[in-house]
Amino acid sequence: MKFNPKNKSSNIVLLIASFVIVSLILWNTNSFFKKFKEEERLKMEIWATAQSEFQQSSENADLGNLHLKVFQNNTSTPMILVNKDGSTKTNNMDPKEELDSVVVQNLIEKYSKENVPISIDQQGEHLATLYYGNSEVLNKLKFYPIALLLIIFLFGTVIFFFFKTNKASEQNKLWAGMAKETAHQIGTPLSSLLGWNELLKAENINPEITKEIEKDIDRLQTITERFSKIGSLPKLDAHDIVKETKDAYDYLKLRSSKLINFSFDSQIKSMPVLLNHALYHWTIENLVKNGIDAMKGKGNIAIEIVPDGKNVYIQVSDTGHGISKSDFQAIFNPGVTSKKRGWGLGLSLVKRIIEEYHDGKIKVLSSSKEGTVMQISLRIYSS
C-alpha cells in the first residue's frame with residue numbers, strides 16, 4: 001500500500017495542532033486554578049486580620065460593619081481557628097464534624113497540607129492559627145482538566161471510528177466494484193469458449209473431451225455468477241443443505257491431490273435451508289482450500305453435517321498446523337492471512353456470505369496442533 005505524502009503531512013500537522021490546543025487548554029486551566037487559589041488565600045488573610053482586630057477589641061468598641069461584612073461573606077471556604085489556649089472554632093463545616101475532636105484534628109492535618117496555615121498575631125503576640133481547606137469550587141476545578149481530557153479522548157475516539165468505518169465502507173465498495181468488473185470481463189471470453197465447444201462437437205471430437213470442456217465452462221460461469229453477486233443482496237431459495245454441501249465437496253475431491261483424504265458424514269439424509277447456490281458453494285470451497293493450505297497439501301479433510309433443533313451445523317475439519325486462540329476472530333478480518341502470497345480475503349468473504357447474506361454464523365469451533373474445525377450455523381427452513 002502506498003501512502004500519499006500530502007495526506008501524511010496533513011495528519012502530522014493535525015496531530016501537532018491538536019496537541020498544542022490541548023496543552024494550551026491545560027496550561028490555561030492550571031493558571032486559572034493557581035490564580036483562584038491565590039485569591040482564596042488573600043480572602044483568608046483578610047479574614048484573619050479582621051479576626052485579629054476583633055479579638056483585640058474591647059467589648060464596647062465600635063468596629064463598624066467592615067468586620068461583620070468580612071465574617072458574613074466567607075461562606076464557602078472550610079476553616080478551623082485554633083486559639084493560643086488550644087480551643088478550636090470551626091466555620092463552613094459539617095455540624096457533625098465540628099463535634100468530633102478526632103475528625104477536627106484530622107482536618108487540621110489535611111488543611112495544613114492543602115494550604116499554608118495563617119498565623120494570627122497582634123503586636124508580636126500570637127493569638128491563633130487559621131487552618132483552611134479548598135473551597136468546593138476549587139475542589140471541583142481540580143478535576144476539570146481530567147474531565148476535559150476525557151471529553152477530548154471520547155471525541156477523538158468517535159472521530160477515529162467514524163473515519164475507520166468510512167474507510168472500510170469505501171474499501172467494500174472498491175472490492176465490490178472490482179468483483180463486478182471481473183465478472184464482466186470474464187463474460188466475453190466465456191461466450192467465445194461456448195461457441196468453440198459447439199464447433200468441436202460438430203467436428204465429431206471425442207465426446208469425453210467436449211464434456212470436460214463443458215465442465216470447465218460451467219465452472220467459469222459459476223465463478224462469474226459469484227463475483228457478480230458481491231456487493232448486492234443475493235436471492236435465497238430453499239435447497240437441500242446435504243446435497244449442496246456434498247456437491248461442493250465432490251467437486252473439490254475430484255480436483256484435489258491424491259495426498260488429501262476426504263471424508264463426508266451427515267446425520268441426516270436431507271434438510272431444507274434458504275441458500276444462494278453459488279455463494280454457498282464458494283463458502284465450502286474456501287473453507288476446504290484453507291484447510292488444504294494449512295496441511296501443506298497432505299492430510300485429512302472431513303465435512304460433517306449435524307442438525308440441532310432449529311439450526312443445522314456444517315463442520316469442516318482439517319489436520320493442519322492449527323490457529324492460535326487469540327486469532328480466532330482476527331482471521332475473518334480482511335487482509336489477515338498466513339500465506340506469503342495470500343490477500344486475506346477468503347475467510348472475510350466467507351463470513352460476509354454466511355452472516356450478512358444467509359443470516360447464519362461462522363466460527364472456529366476448535367483448533368490445536370492436530371488440526372482445526374470450522375463451523376457454519378444455518379437456520380433450518382420451514383415453509
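This report walks through a predicted model of a single chain, from its overall make-up to its cores, a hairpin and a few salt bridges.

**The chain as a whole**

Let's start with the broad numbers. The chain is built from 10 helices and 11 strands. Of its 383 residues, 31% are buried. If you take the contacts between residues at least 6 apart in sequence, 68% of them join residues at least 24 apart. The accessible surface adds up to about 25,000 Å², and carbon and sulfur atoms account for 58% of that.

**Helix H1: a patch and an arginine**

Helix H1 covers residues 5–56, and Ile12 is one of its residues. Ile12 belongs to a nonpolar surface patch along with Ile16, Phe19, Val20 and Leu24. Together these residues offer about 500 Å² of accessible area. For Ile12 itself, the relative accessible area is 46%, so the residue is rated partly exposed. As a rule, nonpolar side chains in soluble globular proteins tend to be buried together. The patch, by contrast, sits on the surface.

Further along H1 comes Arg41. Is Arg41 buried or partly exposed? Its relative accessible area is 23%, and the cut-off for buried is under 20%, so Arg41 ends up as partly exposed. Once neighbours within four places in sequence are set aside, Arg41 touches Val116, Pro117, Ile118 and Tyr132. Pro117 is 76 residues away from Arg41 along the chain, yet their C-alpha atoms are separated by 9.9 Å.

**The S3–S4 hairpin**

Two of those partners lead straight into a hairpin. Ile118 falls in strand S3 (residues 118–122), and Tyr132 in strand S4 (residues 125–132). The two strands run antiparallel and are joined by 5 bridges. Within the pair, Ile118 stands opposite Leu130 of S4. The hairpin has 2 residues between its strands, and Gln123 in the turn has a positive phi of about 55°.

**Two nonpolar cores**

Which residues touch the most other members of the largest nonpolar core? They are Ile241, Val288, Val312, Ile314 and Leu378, out of 35 residues in that core. Another core, of 11 residues, lies apart from it; its members include Ile120, Ala128, Leu130 and Tyr132. Leu130 is the residue opposite Ile118 in the hairpin, and Tyr132 is among the contacts of Arg41.

Back in the largest core, Val288 makes a good sample. Leaving out neighbours within four places in sequence, Val288 is in contact with Leu252, Phe262, Ile301, Ile303 and Val316.

**Thr283 in helix H9**

Helix H9 spans residues 277–294 and includes Thr283. With 0% relative accessibility, Thr283 counts as buried. Beyond its neighbours within four places in sequence, Thr283 is in contact with Val350, Ile353, Ile354 and Ile376. Val350, Ile353 and Ile354 fall within helix H10, residues 346–357.

**Salt bridges along helices**

How many salt bridges does the structure hold? There are 5, and here are three of them, with the N to O separation for each.

| Pair | Helix | N to O distance |
|---|---|---|
| Lys246 and Asp250 | H8 | 3.2 Å |
| Glu355 and Lys351 | H10 | 3.1 Å |
| Arg352 and Glu356 | H10 | 3.4 Å |

What separates Lys246 and Asp250 along H8? These partners are 4 residues apart in the helix, which means about one helical turn lies between them. In H10, Glu355 and Lys351 are also spaced 4 residues apart, about one turn of the helix. Arg352 and Glu356 are 4 residues apart in H10, so about one helical turn separates them.

As for exposure, Lys246 has a relative accessible area of 30% and is partly exposed, and its partner Asp250, at 26%, is partly exposed as well. In H10, Glu355 is partly exposed at 24%, Lys351 is partly exposed at 25%, and Arg352 is partly exposed at 23%. Glu356 comes out at 53% relative accessibility, and therefore counts as exposed.

Key. Residues are numbered from 1 along each chain as its sequence is written. This is a predicted model: local features need pLDDT of at least 70, side-chain atom pairs count only at pLDDT 80 or more; totals for chains, interfaces and linings use all residues. Side-chain values use heavy atoms; hydrogens and water are left out. Buried means under 20% relative accessible area, exposed over 50%, partly exposed in between (1.4 Å probe, protein chains only). Contact means heavy atoms within 4.5 Å. A nonpolar core is a set of buried Ala, Val, Leu, Ile, Met, Phe, Trp, Tyr and Cys residues joined through side-chain atoms within 4.5 Å. Patches are made of residues with over 30% relative accessible area and no salt bridge: like charges are joined within 9 Å, nonpolar side chains (Val, Leu, Ile, Met, Phe, Trp, Tyr) within 5 Å. Accessible areas come from the Shrake-Rupley method with a 1.4 Å probe; for residues, only the protein chains shown count as cover. A salt bridge is a side-chain nitrogen of Lys or Arg within 4 Å of a carboxyl oxygen of Asp or Glu. Two strands pair if DSSP finds at least two bridges between them.
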